[in-house]
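Trainee: Can we go through this one together? I'd like to start with the sheets and then look at the surface.

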Amino acid sequence: PLHYMLNLYRRAADGEGRPRHGRRLGTNTVRLVQASSRDSLSWAGRWYVQPLTYRLEGQSEAEHLLRATVVYLPSLPMVHGRLLCTLELAATEEAPGVLLSPAARPRRGWAEADVTPYLVLGNSTAGSLALRHVCVHAGRVGGRDALVAPSHPFLLLYLNDTQAGLAPPETEPHRHRRDAGTLARDLPGYLREQRGEKSDCSLHSFPVSFAQLGWDHWIIAPHRYNPRYCKGGCPRLLRYDYHAPNHAVVQSFVHQLVDANVPWPSCVPYRYSPISVLMIERDGSILYKEYENMIAESCTCR
């Protein structure tokens, strides 16, 4: 599952975490959910059957489900043949079992079966999805292979997350404070090195690793991040290219002509761009999410 999500991340974002143009996820968040219940598996001759249950409780109200798929390996090579696998929606008292067909051609061996109707229409029971993983050993007569259990399928939830904030899990607080303190000590020294540059309000680079922030235990990718920052004095005459609001123009005149206690406009970010983050959640799920307003792209005075 981790390799699958890393490949998904690399298709959707570049090495710095910037979302790629033309990415085809169709949403800003993808959560990988592993089966929480794996009932006793059984081999019966050439056949392998294992019931799987995926728990869906705890989804935030800010997350809106757009699509759900189950990812599995439909074919596995073996010494004396292949293991051919499929998925079935488990039968209930109200409905019979349903064979799930792949939604598209397998990518790098993985196939995705669309299960959106069974979640959106409430066919899952008590916030869960029950499936059966069924495989058959196809090979030469007389050939013998070790009866090894295939990889467990996993559930992908494609979500529209309207919650914009980036909040780390409430774990390892001591580590977070220690590494954050290191970053705070490094920042003044970095700013002193920039004193030779022009004082006008402008954009500056400041690459930082998530390890320095104490977040490397839950952020898988990217490893480094350049949020950038705005620094410099705002000019007496705010030029058009600063994109300063009218209020900042008036405030600068008030500071100069009326009352110096009114602060001079400050140099702050004006335009931002997002980054994509691949992370581990508290329950062990793997999450891909695009966070808006994470990289400063230009500066203004206000």
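What follows is a talk about strand pairing, one helix and a surface patch.

Mentor: Keep in mind that this is a predicted model.

Trainee: Fine. What is the strand order in the open sheet of seven strands?

Mentor: The order is S9-S5-S11-S1-S18-S17-S14, and the pairing is antiparallel.

Trainee: Which are the edge strands?

Mentor: Strand S9 (111–114) and strand S14 (219–221), each of which pairs on one side only.

Trainee: And by how many degrees are neighbouring strands of this sheet turned against each other on average?

Mentor: By 35°, with direction ignored.

Trainee: How many bridges join S17 to S18?

Mentor: There are 12 between strand S17 (residues 267–280) and strand S18 (residues 286–301), and the two run antiparallel. For a residue-level check, Val277 has Lys289 in S18 as its bridge partner. Leu278 stands opposite Tyr288 in S18.

Trainee: What do S17 and S18 form?

Mentor: A hairpin, with five residues between the strands. Gly284 sits in the turn and has a positive phi of about 90°.

Trainee: Back to the edge. How many bridges join S14 to S17?

Mentor: Two, again with the strands antiparallel. Ala221 has Leu278 in S17 as its bridge partner. That is the residue that stands opposite Tyr288 in S18, so to speak of Leu278 is to speak of both pairings.Trainee: Which helix lies across these strands?

Mentor: Helix H1 (residues 2–12). The strands it lies across are S1 (29–34), S5 (63–72), S9, S11 (154–161), S14, S17 and S18, and H1 runs at about 30° to S18.

Trainee: New topic: S10. How many bridges pair strand S4 with strand S10?

Mentor: Nine, in the antiparallel sense, between S4 (residues 47–55) and S10 (residues 128–139). Pro51 has Arg132 in S10 as its bridge partner.

Trainee: And how many bridges join S7 to S10?

Mentor: Nine bridges join strand S7 (residues 81–89) to S10, and these strands run antiparallel. Leu87 has His133 in S10 as its bridge partner.

Trainee: Now the surface. Which residues make the nonpolar patch?

Mentor: Phe253, Leu257 and Val258, over about 360 Å².

Trainee: Where is Leu257 placed?

Mentor: Leu257 is in helix H4, which covers residues 246–257.

Trainee: Is Leu257 buried or exposed, and why?

Mentor: Leu257 counts as exposed because its relative accessibility is 67%, and the cut-off for exposed is over 50%.

Methods:
Residues are numbered from 1 along each chain as its sequence is written. This is a predicted model: local features need pLDDT of at least 70, side-chain atom pairs count only at pLDDT 80 or more; totals for chains, interfaces and linings use all residues. Side-chain values use heavy atoms; hydrogens and water are left out. Patches are made of residues with over 30% relative accessible area and no salt bridge: like charges are joined within 9 Å, nonpolar side chains (Val, Leu, Ile, Met, Phe, Trp, Tyr) within 5 Å. Accessible areas come from the Shrake-Rupley method with a 1.4 Å probe; for residues, only the protein chains shown count as cover. A salt bridge is a side-chain nitrogen of Lys or Arg within 4 Å of a carboxyl oxygen of Asp or Glu. Helices (H or I, at least four residues) and strands (E, at least two) are DSSP runs, numbered from the N terminus. Buried means under 20% relative accessible area, exposed over 50%, partly exposed in between (1.4 Å probe, protein chains only). Two strands pair if DSSP finds at least two bridges between them. Axes are lines fitted to C-alpha atoms, for helices over the stretch in contact, and angles run from 0 to 180 degrees between N-to-C directions. Contact means heavy atoms within 4.5 Å.
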